[in-house]
Amino acid sequence: MNRSQILDLYFVDARHKLIDLAAFLDRYERAEGAEDFRMAAFRTAVLELSKGNNDKARQVLLAFSDPTTEPIPAATTKAACGAWPGVQ
Amino acid sequence: MRYIEPHAHMVSRVTDDYVHMVTAGCAAVCEPAFWAGYDRSSAAGFYDYFRQLTEHEPKRAAKFGLPHYCWLCINPKESEDVKLADDVLAIIPEFLDRPTVLGIGEIGLNKNSRNEITVLEKHVDLAARHNQLILVHTPHLEDKLKGTRLIMDVIRNDSRIQPGRVIIDHVEEHTVQMVLDAGLWAGMTLYPESKCSPARAVDMVERYGDERIWMNCACDWGVSDPLAVPKTALEMRKRGHSAAAIDKLIFQNPARFLAQCPKFKIPEG
């Protein structure tokens, strides 16, 4: 597909998702409380959208990922929270 | 249109889902062993679950003319308890010769802990000793990248395992390339809120090719869509992919992988 066809197929949906994302940030910033690691990772991931590379989805996923290589000593929960809480 | 649903937890679904899947063209469904949403209290609970997967569920699917196959294991979410895992691993061989059991799965990692790796290694050893196919679950969200690397290390370290007989499921844009480069199969799981959307799945096919890739819905007791595979076929049609290209991805590819187990009969289209 050419760019025009991709816009015809996906632009309105992407626009909708972008506004939803903006509204989420407004909602978050209206609320009180300290910023945690999830939002720090989120802001790093958002920066990837304005870079010129052609693997933005991959880079966003990497921004949220645990970059370490060693197994953890024990699993204390079953759930994932969406962002790595550690510090590089 | 015909398709194979290679990963669906049908014990968690209502009968209407079978009706909808068959109506949409599903020709066979495969069910990996999964976490029940709570921890089972003993291996006896797994024994009953394996009977459900190998006896009851194929009968339920057969009422709609749908062949039902399964995979057996203790899921990574319950692998922190190595003693429980050992007890479950001990009863799996009793079920491996049953006519609808395709292999060991979905094994893998959840939080990437040492005990989870120990249990993964034991499952891989079980698969190697019994010449079974392997279906691997990769961790969720922030744990997926690290977990996929650790899982691939375990598989690479067992020289008895042929990469072409292993599928690494739930790949996303940051893991698909490494899986394919290793000669393994890659599964793309189509979820409404996490893992992969239909549009992103088709993006990956366009980018990385359609060899050694399948798509699945992995529908279970959580937010999931049993019709995600045919909906992704529709996404491909919107982009102009041919009927033959769609058939390769959603029918021929899973058939090719699954038919490595002689018990899997390729359904008539």
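Trainee: What percentage of the 269 residues in chain B do buried residues make up?

Mentor: Keep in mind that this is a predicted model. Buried residues account for 51% of the 269 residues in chain B.

Trainee: How does the radius of gyration of chain B stand against the globule rule?

Mentor: The idea is to set the computed value beside the one the rule gives for the chain's length. Here the radius of gyration is 17 Å, close to the 18 Å of the globule rule for 269 residues, so chain B is as compact as a globular protein of that length. Along the principal axes, its C-alpha atoms fill a box of roughly 50 × 40 × 35 Å.

Trainee: Which secondary structure does chain B have, and how many helices and strands?

Mentor: Chain B has 10 helices and 8 strands. To see how far along the sequence its contacts reach, take those between residues at least 6 apart: 73% of them join residues at least 24 apart.

Trainee: What is the order of the strands in the sheet?

Mentor: Start by finding which strand pairs with which, then look for the ends. In chain B this gives an open sheet of 8 strands, ordered β1-β2-β3-β4-β5-β6-β7-β8, with parallel pairing. The edge strands are β1 (3-5) and β8 (213-216) of chain B, each of which pairs on one side only. From one strand to the next, the twist averages 25 degrees.

Trainee: Which helix packs on the sheet, touching β1 and β8 of chain B?

Mentor: That is α9 of chain B, residues 228-238, and its direction makes about 140 degrees with that of β1(B).

Trainee: Let's move to a single strand. Is β3 of chain B mostly covered or mostly open?

Mentor: For a strand, look at each face in turn. Strand β3 (residues 68-72) of chain B is mostly covered, with 5 of its 5 residues buried. One side carries B:His68, B:Cys70 and B:Leu72, the other B:Tyr69 and B:Trp71, and both faces are covered.

Trainee: Which strands pair with β3(B), and over how many bridges?

Mentor: Strand β2 (residues 26-32) of chain B runs parallel to β3(B), joined to it by 4 bridges. In that pairing, B:Val29 stands opposite B:His68. Between these two strands the chain passes through helix α2 (residues 43-62) of chain B, making a right-handed β-α-β crossover. Strand β4 (residues 101-108) of chain B also pairs with β3(B) in the parallel sense, over 3 bridges. There, B:Trp71 has B:Gly103 as its bridge partner.

Trainee: Where is B:Gln260, and is this residue buried or exposed?

Mentor: First place the residue along the chain, then count its neighbours. B:Gln260 lies in the segment after α10 (243-258) of chain B. With 13 other C-beta atoms within 10 Å, B:Gln260 is partly exposed, because a residue needs 20 or more to be buried and 12 or fewer to be exposed. Leaving aside residues up to four places away in sequence, B:Gln260 touches B:Leu133 and B:Arg165.

Trainee: Finally, how many residues does each chain bring to the contact between chains A and B?

Mentor: Chain B brings 27 residues and chain A brings 22 residues. On the side of chain B that touches chain A, the elements giving two or more residues are α5 (114-129) and α6 (144-157) of chain B. Of these, α6(B) gives the most, with 5 residues. By character, that side of chain B divides into 5 nonpolar, 7 polar and 15 charged residues.

Key. Residues are numbered from 1 along each chain as its sequence is written. Chains are lettered from A and ligands numbered from 1 in the order in which they are written. This is a predicted model: local features need pLDDT of at least 70, side-chain atom pairs count only at pLDDT 80 or more; totals for chains, interfaces and linings use all residues. Two residues are in contact if their C-beta atoms, placed from the backbone, lie within 7 Å. Ala, Val, Leu, Ile, Met, Phe, Trp, Tyr, Cys and Pro count as nonpolar, Asp, Glu, Lys and Arg as charged, and the others, Gly among them, as polar. Two strands pair if DSSP finds at least two bridges between them. A crossover is right-handed if, with the strands pointing away from the viewer, the path from the first strand over the helix to the second runs clockwise. The radius of gyration is taken over C-alpha atoms; the globule rule is 2.2 Å times the number of residues to the power 0.38. Axes are lines fitted to C-alpha atoms, for helices over the stretch in contact, and angles run from 0 to 180 degrees between N-to-C directions.
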